[in-house]
Amino acid sequence: METITQKRPAVVVAENEVLARTVAAEIANLIQARNAAGLSTVLGLATGKTPILLYQELIRLAQQRTLDFSRVVTFNLDEYYPLESDSPQSYHYFMYKHLFSHIPIAATHTHVPDGTLARADIASYCAEYEQKIRQAGGITIQILGIGENGHIGFNEPGAERESRTRLVTLSDTTRRNAADDFGGETNVPREALTMGIATILEAQKVVLLASGARKARAVQQALAGPVSADVPASYLSLHPNATVYLDPAAASQRR
Ligand code: GLP
């Protein structure tokens, strides 16, 4: 018999700049403390508009403190499929533009799922992605955003608790929300590669950031509703060390 313990994530509400500063400082402190102890730091990274400010702040801190990234390894949550890595909509491009090109991290230490794989190679590639995370020592801290439908990474409603890195079909809401980036919904890929819920829940610490009124409903459901595949972010209640950082608009439907 499986006992499922439920503990709601801690919640912090503040303006976006404060949230970005707080989480960036936490990451920088973690890297420094682990460097001092001779340990690697494995960052689970997210894309989207929400973490941009966090990455800017992390870049600033990295420069200010001349942070040593030689023991830092990163794994991104997801990537569209199929999509070329040098396409401006790709998460490879996003990470390079918003973070990797501004910090002294070796390219061999950064991992973003490959959107250019042959379909036949996807299953083994995804198993290898999981293996690489384990070999790196597991994710020390996982950064997440949230979709309007409650998705985390590209784990859309219906995603199972035990899911791992895999190919998924994107929901209509997600594709509609990405339409502007791709110059129309028809250009948005129909599939994506994403870490699974089980992959995310294995991180030592999970941080979810949400801003704007468009996220308020999903946030409320994730924090106050039942743990359910209908709202994938609700699985964070199964994590012993999860914190949700909200701006006032994203927190506006909390009761
Ligand atoms: C995409 C990403 C998610 C991200 C979400 C929200 O779907 N795959 O990881 O959390 O968008 O993006 P934004 O922060 O732009 O609202």
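**A buried strand and two one-sided helices**

Strand 9 is covered on both faces: K205, V207 and L209 are buried on one side, and V206, L208 and A210 are buried on the other. In a regular strand, side chains take turns between the two faces of the sheet, and that is how these residues sort out here. This is a predicted model, and in it six of the six residues of strand 9 (residues 205–210) count as buried, so the strand is largely enclosed by the rest of the structure.

Strand 9 has partners to go with that setting. Strand 6 (residues 141–144) runs parallel to strand 9 and is joined to it by four bridges, with I141 standing opposite K205. Strand 10 (residues 242–246) also runs parallel to strand 9, this time with five bridges between them; here L209 stands opposite Y245. To get from strand 9 to strand 10, the chain passes through helix 8 (residues 216–224), and the resulting β-α-β crossover is right-handed.

Turning to the helices, helix 4 (residues 122–135) keeps to the expected geometry: at 1.5 Å a residue its 14 residues should span 20 Å, and the end C-alpha atoms are indeed 20 Å apart. Its buried residues are I122, Y125, C126, Y129, E130 and I133. They take up an arc of only 140 degrees around the axis, which puts them on the same side of helix 4. Behind that pattern is simple helix arithmetic: with 3.6 residues a turn, residues three or four places apart point the same way. A123 and Q135, on the other side of helix 4, are exposed. As for what sits over the buried residues, the cover includes strand 3 (72–76), strand 4 (78–81), strand 5 (110–111), strand 7 (166–169), strand 8 (191–194) and helix 7 (197–201). After helix 4 comes G137, with a positive phi near 105 degrees.

Helix 1 (residues 16–36) can be read along similar lines. It has 21 residues and reaches 30 Å from its first C-alpha to its last, close to the 30 Å expected at 1.5 Å a residue. The buried set in helix 1 is made up of L19, A20, V23, A24, I27, A28, I31, R34 and N35. Looking down the axis of helix 1, these buried residues fall within an arc of 155 degrees, so they line one face of the helix. A glycine follows here too: G38 comes after helix 1, and its phi is positive, near 75 degrees.

Note on methods: Residues numbered from 1 in each chain as written. Predicted model: local features only at pLDDT ≥ 70, side-chain atom pairs only at ≥ 80, totals over all residues. Heavy atoms only, no water. Expected span 1.5 Å × (residues − 1). Buried < 20%, exposed > 50% of the residue type's maximum accessible area, 1.4 Å probe, protein only. Arc of directions from axis to C-beta. Contact = heavy atoms within 4.5 Å. Pairing = 2+ DSSP bridges. Right-handed = clockwise from strand over helix to strand, strands pointing away.
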